[in-house]
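Colleague: I've got a structure open and I'm not sure how to read it. Could you walk me through it?

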Amino acid sequence: MKFSLMFYKNIVSSCAVILFSLIIILGPINSFGEFPISIVDQKIFKDLNGDWNLVGVVQNNAGMPIEVKIGVNITQSERQSLILTSNTFTNVIYPYVAAPFKFTISGNEFFNGFAYPIQTKEVTKPLLTDLSQNYSNLATAEEKALVGTIKNTGPNIIKNIAVYASAHSINGTQLDSVKSSLIPVIYPGEDVRYKILPDPAIKDGVYYYSCAGLDVNAPISTIDLGEGEYIVFNLESASMISDFRYENSSDSIIFEVKPYNPVGGPTNFKIPQISPNQKIEVLLDGKQYEKKLVTMNGKTISIDIFIPKDKHILKISGIRNQL
């Protein structure tokens, strides 16, 4: 089964009590919080070390990428109360998809209820779609593992990637939130295999996985210009980005962009300024784009462009002052 980075499932399950496996279900949880997020599928279980674990899923109901901080109230053995906070298993949750989370506390501490949103923030961080997954969401072998591969279909090296998912029973109940160890680098065209194991305390009940996605901890910030030369850049855009590359013959950076907003949205691109008279040209789908705003401060060139709805090819020339 092949999934792109943007393919996720969110399954809201019914509740059950399974005392013999030390899984404690505190009641049906459909959602918590208001737009733009919902927190669903929250469950608590005790692992083999005697620690308590609270797992769940945050669903992004908005049309923009967001960062989410969640919290949960706990009581310690001396009856002191405090709030634990955490992010989801991916730093950015893209529109209309879900990301799992997990809190772990010691056996002499207690969760006072379920997790709730502390802060949500809209961000203009693009989704790189040059990574794809190939996996079966059915748990594999006696380990009940999630096994698959990640392929880098783009022209750039991508670093520091982790895979995350939610583990479910055969009736859809979420049992665990899992995340792989960090994959340090994936080269262009390379397939990398991964395997994620659920917590041993709930392993026997795991039947399938959902919400499987990729957390890219180090987005591309340099691009290879050839002959060992690189250039630093910054890209802010609430959009999907693919085929990001440098074309030496036209001294251009070219990429495909599709805004999340159905009416289109802004994109800001920054590169170092090489010359005081550096000339920047922008082509959108092969046509001159005149409405760009280019500002220079002697160190940095900032290019602001409004991308119309749907998918487009953006070409920015003059990167090395060779127009």
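**Reading the surface, the strands and the odd angles**

Modeller: Sure, let's start on the outside: Leu138, Ile170 and Tyr207 make up a nonpolar surface patch, and together they have about 320 Å² of accessible area. Keep in mind that this is a predicted model.

Colleague: Where does leucine 138 lie?

Modeller: Look in the loop between strand S11 (131-135) and S12, and you'll find leucine 138 there. Its relative accessibility is 42%, so leucine 138 counts as partly exposed.

Colleague: OK, now the strands. What holds strands together in a sheet?

Modeller: The general idea is that strands of a sheet pair through backbone hydrogen bonds, and the pairing can be parallel or antiparallel. Here's a case: strand S12 (residues 146-152) pairs with S16 in the antiparallel sense, over 6 bridges. To follow one of those pairs of residues, take glycine 148, whose bridge partner in S16 is tyrosine 194.

Colleague: Which way do the side chains of strand S16 (residues 191-196) point?

Modeller: They alternate along S16. Val192, Tyr194 and Ile196 point to one face and are buried, while Asp191, Arg193 and Lys195 point to the other face and are not buried.

Colleague: What does a hairpin look like, for instance the one formed by S18 and S19?

Modeller: Strand S18 (residues 222-226) and strand S19 (residues 229-232) pair in the antiparallel sense, with 4 bridges. Threonine 222, for example, has valine 232 in S19 as its bridge partner. Between the two strands of this hairpin sit 2 residues, and glutamate 227 in the turn has a positive phi of about 55°.

Colleague: Now a sheet with more strands. What is the strand order in the open sheet of 4 strands?

Modeller: Read it across as S20-S23-S27-S26, with antiparallel pairing. Strand S20 (234-237) and strand S26 (293-296) are at the edges with a single partner strand each, so one side of each has no neighbour in the sheet. From one strand to the next, the twist averages 10°.

Colleague: How many bridges join S20 to strand S23 (residues 265-272)?

Modeller: There are 4 bridges between S20 and S23, and the two run antiparallel. Leucine 235 is a good place to look, since you'll see phenylalanine 269 in S23 standing opposite.

Colleague: While we're in S23, is asparagine 268 buried or exposed?

Modeller: Asparagine 268 is in strand S23. Buried means under 20% relative accessible area, and asparagine 268 has 9%, so it is buried. Its side chain has polar contacts you can trace: one of 2.7 Å to the side chain of lysine 270, and another of 2.9 Å to the side chain of serine 302.

Colleague: You mentioned a positive phi. Where else should I look for that?

Modeller: Try asparagine 160, which isn't a glycine but has a positive phi of about 55°. You'll find asparagine 160 in strand S13 (residues 158-168). Then go to aspartate 251, also not a glycine, with a positive phi of about 50°. Aspartate 251 is in the loop between strand S21 (239-247) and strand S22 (252-259).

Colleague: How much relative accessible area does asparagine 160 have, and how much does aspartate 251 have?

Modeller: Asparagine 160 has 28%, so it is partly exposed. Aspartate 251 has 0%, so it is buried.

Conventions. Residues numbered from 1 in each chain as written. Predicted model: local features only at pLDDT ≥ 70, side-chain atom pairs only at ≥ 80, totals over all residues. Heavy atoms only, no water. Pairing = 2+ DSSP bridges. Axes fitted to C-alpha atoms, helices over the stretch in contact; angles between N-to-C directions. Buried < 20%, exposed > 50% of the residue type's maximum accessible area, 1.4 Å probe, protein only. Patch = residues over 30% accessible without salt bridge, like charges linked within 9 Å, V, L, I, M, F, W, Y side chains within 5 Å. Areas by Shrake-Rupley, 256 points an atom, 1.4 Å probe, with all protein chains shown as cover. Salt bridge = Lys/Arg side-chain N within 4 Å of Asp/Glu carboxyl O. Polar contact = N/O pair within 3.5 Å; in protein donor to acceptor, adjacent residues only side chain to side chain.
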